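Colleague: Before I plan anything around this model, please take me slowly through a single part of it, naming the residues as you go. I would like to follow each step on the screen.

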Amino acid sequence: MTYTSTLLRLLDERGYIHQLTDAEGLDKLANTQVVPGYIGFDATAPSLHVGSLVQIMLLRRLQQAGHKPVVLMGGGTTRIGDPTGRDESRKMLSDEAIDANIASIRTVFERYLTFGDGPTDAVMVNNHDWLGQLGYIQLLQEVGTHFTINRMLTFDSVKLRLDREQPMTFLEFNYMILQGYDFRHLAKNDGVRLQMGGSDQWGNIINGIELTRRMDGQEVFGVTTPLLTTADGAKMGKTAAGAVWLNEEALPAYDFWQYWRNADDRDVGKFLRLFTDLPLDEINRLEALEGSEINSAKVVLANEITRMCRGSAAANQAEATAAATFAGGGVGDALPESILPREGIALVDALVELGFATSRGEAKRLITGGGARVDGESVKDEAFRINYQETSEVRVSSGKKKHGVLRPA
């Protein structure tokens with residue numbers, strides 16, 4: 001359909017819409033009032049990773065269109081763990097660890113959203129504030145009667161786990177009930193009319209919509225985004241080196257910048273639409289570049305996303321480091337670094353210390369496979385030692401795109 005609201009036109013133009021529960025109803029609502037909309041995030045780590053960035057940007061688009069973003073932190077549901085896409089239960093976290101994770105994650109949201117008390121200012125809420133007050137009998141009586149086991153067993157989060165004969169605890173089985181209750185609580189107490197999320201959350205969103213309608217007669221809406229994978233089919237935010245974290249403490253800005261600079265040519269346009277505020281006509285121009293010229297579009301992509309997530313200084317330094325490392329043969333200022341001891345260091349140990357390998361065994365395989373270089377020269381001897389150099393640093397590389405520096409002690 002042709003959308004008339006600024007909100008749905010914006011989401012549609014930039015590729016965020018996969019499913020809508022009532023497109024016409026939501027389009028009309030967004031034309032007549034400020035729509036508070038929320039997305040939930042569990043606090044299982046001190047940082048979210050790139051796989052959550054679509055949802056963070058979705059809240060940003062909501063605010064750009066004149067509506068109110070509600071960031072729901074799962075202080076309560078983190079104690080259970082979303083079983084969606086998982087083969088095993090999450091480990092239990094202490095209250096202190098969950099609170100610390102939420103505080104750390106908030107720092108990233110503050111870069112993307114404007115928080116405050118105004119009608120379209122973002123707010124962050126914690127579902128432990130209400131889930132933690134629910135008595136078990138109260139939950140069973142008021143909420144449990146609206147869920148059937150028959151239907152719950154058909155949800156992918158449950159069905160796939162059981163099909164693979166992986167155990168699911170009764171605790172996890174309750175997750176979808178509590179998530180549905182979140183929507184009902186926010187609609188009743190905070191006027192929230194919209195829940196958004198990834199395509200894997202469609203069933204949970206529908207649960208919340210139906211529960212809200214049954215318990216309160218309130219009409220609410222749901223939007224999901226497409227499953228986001230890279231052009232080669234990999235899951236967004238996952239690399240051979242691990243997750244691409246959003247917080248600086250979890251991943252240096254240079255490595256974050258490099259992740260986007262190394263994007264597949266086919267992903268550049270899609271990523272620019274989803275993750276930057278560049279005008280669409282400029283994105284179309286960059287996307288149309290061919291051959292080596294597409295690399296300039298990738299630099300724009302890396303700069304824009306890093307600037308938004310980490311700040312302008314981090315983006316500028318990362319670009320300068322990349323230019324010095326790849327073009328000028330230098331080492332730049334933002335590469336991972338370690339100490340070069342006076343007695344020297346084995347290359348396998350240097351690779352581990354710089355974060356290019358998680359173990360000495362992995363480092364040895366990297367070396368014998370031809371993936372390690374010292375000052376630009378390939379090294380295939382797993383016993384190779386880097387000698388101390390009093391006046392200059394040594395550049396250590398893993399493959400063509402990961403570089404680090406050993407500085408003299």
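**A sheet and the helix packed on it**

Modeller: Strand 3, covering residues 68-73, runs parallel to strand 4, and four bridges hold the pairing between them. The model is a predicted one, and what follows should be read with that in mind. Within this pairing, Val70 has Val123 of strand 4 opposite it. Helix 4, residues 95-112, packs on the sheet and touches strand 2 (36-41), strand 3 and strand 4, with its direction at about 160° to that of strand 4. Among the residues to look at around this helix is Arg106, whose charged end is placed over the ring of Phe115 at 4.5 Å from the ring centre.

The aromatic rings give a further link between helix and sheet. There are seven aromatic pairs in the count, and one of them joins Phe41 to Phe109, with 5.0 Å from centre to centre and 70° between the planes, an edge-to-face arrangement. Phe41 belongs to strand 2 and Phe109 to helix 4, so that, with their positions 68 residues apart, this pair links distant parts of the chain. Both Phe41 and Phe109 are buried. Another pair has the same kind of geometry: because the planes of Phe256 and Trp260 lie at 70°, with the ring centres 6.2 Å apart, that pair is edge-to-face as well. Here the two partners, Phe256 and Trp260, sit in helix 12 (residues 253-261), four residues or about one turn apart.

To return to the sheet as a whole, it is an open one of six strands, ordered 1-6-5-2-3-4, with mixed pairing. Its edges are strand 1 (19-20) and strand 4 (123-126), each of which pairs on one side only. In general, the strands of a sheet pair through backbone hydrogen bonds, in either a parallel or an antiparallel sense.

Strand 6 deserves the closest look. All five of its five residues, 221-225, are buried, and therefore this strand is largely enclosed by the rest of the structure. The cover extends to both of its faces, since Phe221, Val223 and Thr225 are buried on one side while Gly222 and Thr224 are buried on the other.

What does strand 1 contribute beside strand 6, and in which sense do the two pair? Strand 1 and strand 6 are antiparallel and share two bridges, and Gln19 has Thr224 of strand 6 as its bridge partner. With strand 5 (residues 194-198), by contrast, strand 6 runs parallel, and five bridges join the two. On the strand 5 side, Met196 stands opposite Val223 of strand 6. Between these two strands the chain passes through helix 11 (residues 202-216), and the resulting β-α-β crossover from strand 5 to strand 6 is right-handed.

Taken together, strand 6 has an antiparallel partner in strand 1 and a parallel partner in strand 5, while at the other edge strand 4 pairs in parallel with strand 3 and is touched by helix 4. If you display just a few side chains, Phe41 and Phe109 show the link from strand 2 to helix 4, and Phe221, Val223 and Thr225 show one of the two covered faces of strand 6.

Key:
Residues numbered from 1 in each chain as written. Predicted model: local features only at pLDDT ≥ 70, side-chain atom pairs only at ≥ 80, totals over all residues. Heavy atoms only, no water. Pairing = 2+ DSSP bridges. Contact = heavy atoms within 4.5 Å. Axes fitted to C-alpha atoms, helices over the stretch in contact; angles between N-to-C directions. Phe/Tyr/Trp six-rings, centres within 6.5 Å; stacked < 30°, edge-to-face > 60°. Buried < 20%, exposed > 50% of the residue type's maximum accessible area, 1.4 Å probe, protein only. Lys NZ or Arg CZ within 6 Å of the ring centre and 35° of its normal. Right-handed = clockwise from strand over helix to strand, strands pointing away.
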